[in-house]
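Biologist: Mind walking me through this one? I'd like to know what packs against what, and how far to trust it.

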Amino acid sequence: MNYVLALLLPPLSIMIAGRPILGIIVFLIWLPAVIFSSGLTHPMFILLAWFLIHQGVVTKGP
């Protein structure tokens with residue numbers, strides 16, 4: 001479910017993945033980047049969120 005959330009709101013997904021400070025920093029960069037680039041940088045943040053979610057899953061186990 002968190003992977004789907006990462007498609008829409010990567011900063012929130014990063015916070016839910018257990019990285020709240022990084023989520024706030026990403027939000028402060030993500031919002032202006034999406035507004036000024038008309039969404040062209042959004043895939044970069046999706047990949048970052050997916051990587052952090054996957055890293056948390058692998059570390060915590062099933």
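Biologist: Leaving out residues up to four places away in sequence, which residues does Ala6 touch?
Modeller: Keep in mind that this is a predicted model. With the sequence neighbours up to four places away set aside, the contacts of Ala6 are Ser13, Ile46, Ala49, Trp50 and Ile53.

Biologist: Which helix supplies the largest share of the largest nonpolar core?
Modeller: That core has 10 residues, and Ala6 is one of them, along with others including Trp30, Phe45 and Ile53. Helices α3 (20-36) and α4 each put in at least two. The largest share is four residues, and the helix they come from is α4.

Biologist: Is Asn2 buried or exposed?
Modeller: Asn2 sits in helix α1, residues 2-8. Its relative accessible area is 18%, and the cut-off for buried is under 20%, so Asn2 counts as buried.

Biologist: And which residue does the side chain of Asn2 make a polar contact with?
Modeller: Apart from residues up to four places away in sequence, Asn2 touches Ser13, Ile16, Ala17 and Ile53. The polar contact runs from side chain to side chain at 2.7 Å, and the partner is Ser13.

Biologist: In which helix is confidence lowest?
Modeller: Across the chain the average pLDDT is 88, and 92% of the residues score at least 70. Helix α2 (residues 10-16) has the highest confidence at 93, while the lowest, a mean of 85, belongs to helix α4.

Key. Residues numbered from 1 in each chain as written. Predicted model: local features only at pLDDT ≥ 70, side-chain atom pairs only at ≥ 80, totals over all residues. Heavy atoms only, no water. pLDDT = per-residue confidence, 0-100. Core = buried A, V, L, I, M, F, W, Y, C linked by side-chain atoms within 4.5 Å. Buried < 20%, exposed > 50% of the residue type's maximum accessible area, 1.4 Å probe, protein only. Contact = heavy atoms within 4.5 Å. Polar contact = N/O pair within 3.5 Å; in protein donor to acceptor, adjacent residues only side chain to side chain.
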